[in-house]
Amino acid sequence: MNCKNYLIFRTPKDLDLPDYKACLENSEFKWMLYGRQRFDIKRFLKKEDNSQKYSVFSSDGFFIGFVQFFYKGTNQVSFLGGIAPWLFNSGIGLKACVCILESLFKKEKMDVITGVYLYNLRSLKMLKAIGFVETSCGHEKVILKLEWSKFNNNTFNRRILDKIAYEIVEDV
């Protein structure tokens, strides 16, 4: 798998990709993303007018993961994303996340917010390395925020982007 070049596809809102289902049916993946909440794959895959979904593939066609942005107003977006379970702990999710966020910030100058369960140490470590900071913490979940200007000034992100390439494909 070529993980120096990524293809990021704007995903149809009514997506039904087998790779999505494989991720969303994996018990560790569901636990890290949804905790004790009841997960409904049909609800996740349904069309939402205030959101945009993207699928990430390596340049040689291997599925890496996905992200869904939910627009909360004029200057803020929240996101939910995940990497294929067979790529956990590989560093590929970090690179893909940096590419996706940079592509968002090239189009729109908005802050990004996400929530992560406290036991999801892998995601917390990755998001903090990218530049997310804690805004609040409950007994199960932490809310993190990334300001677009801090992402662009982050040396860590620049080093990653210098080593990889990506292409956004808006129309699938």
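Student: In helix H4, how many of the 16 residues are buried?

Tutor: This is a predicted model, and helix H4 is mostly covered in it. Among the covered residues are Ile92, Gly93, Ala96 and Leu101. Of the 16 residues in H4, the number buried is 12.

Student: What distance does H4 reach from its first C-alpha to its last?

Tutor: Helix H4 comprises residues 92-107. At 1.5 Å a residue, a span of 22 Å is expected for its 16 residues. The model comes close to that expectation, with a reach from first C-alpha to last of 23 Å.

Student: Which helix gives the most residues to the largest nonpolar core?

Tutor: The largest nonpolar core has 41 residues, and Phe69, Leu101, Val112 and Phe132 touch the most other members. One helix contributes nine residues, the most given to this core, and that helix is H4.

Student: With which residues is Leu101 in contact, leaving aside its neighbours within four places in sequence?

Tutor: Leu101 is one of the buried residues of H4. It is also among the four residues named as touching the most other members of the largest nonpolar core. Leaving aside neighbours within four places in sequence, the contacts of Leu101 are Val112, Ile130, Phe132, Leu146 and Phe151.

Student: Is Asp111 buried or exposed?

Tutor: Asp111 lies in strand S5, which covers residues 111-117. Beyond four places in sequence, Asp111 touches Asn75, Gln76, Val77, Lys145, Leu146, Glu147 and Trp148. A residue is called buried when its relative accessible area is under 20%. Because the relative accessibility of Asp111 is 16%, this residue counts as buried.

Student: Which strands are the edge strands of the open sheet?

Tutor: The sheet has eight strands with mixed pairing, in the order S6-S7-S5-S4-S3-S2-S1-S8. From one strand to the next, the twist averages 25°. An edge strand here pairs on one side only, and the two that do so are S6 and S8.

Student: Which residue of S7 stands opposite Ser136?

Tutor: Strand S6 comprises residues 133-137, and strand S7 comprises residues 141-146. These two strands pair in the antiparallel sense over four bridges. In this pairing, the residue of S7 opposite Ser136 is Ile143.

Student: In which helix is the confidence of the chain lowest?

Tutor: The chain averages a pLDDT of 78, and 78% of the residues score at least 70. Confidence is highest in strand S6, at 93. The lowest mean, 58, belongs to residues 41-45, which form helix H3.

Conventions: Residues are numbered from 1 along each chain as its sequence is written. This is a predicted model: local features need pLDDT of at least 70, side-chain atom pairs count only at pLDDT 80 or more; totals for chains, interfaces and linings use all residues. Side-chain values use heavy atoms; hydrogens and water are left out. A nonpolar core is a set of buried Ala, Val, Leu, Ile, Met, Phe, Trp, Tyr and Cys residues joined through side-chain atoms within 4.5 Å. Buried means under 20% relative accessible area, exposed over 50%, partly exposed in between (1.4 Å probe, protein chains only). Contact means heavy atoms within 4.5 Å. The expected span of a helix is 1.5 Å times one less than its number of residues. pLDDT is the predictor's confidence in each residue, from 0 to 100. Two strands pair if DSSP finds at least two bridges between them. Axes are lines fitted to C-alpha atoms, for helices over the stretch in contact, and angles run from 0 to 180 degrees between N-to-C directions.
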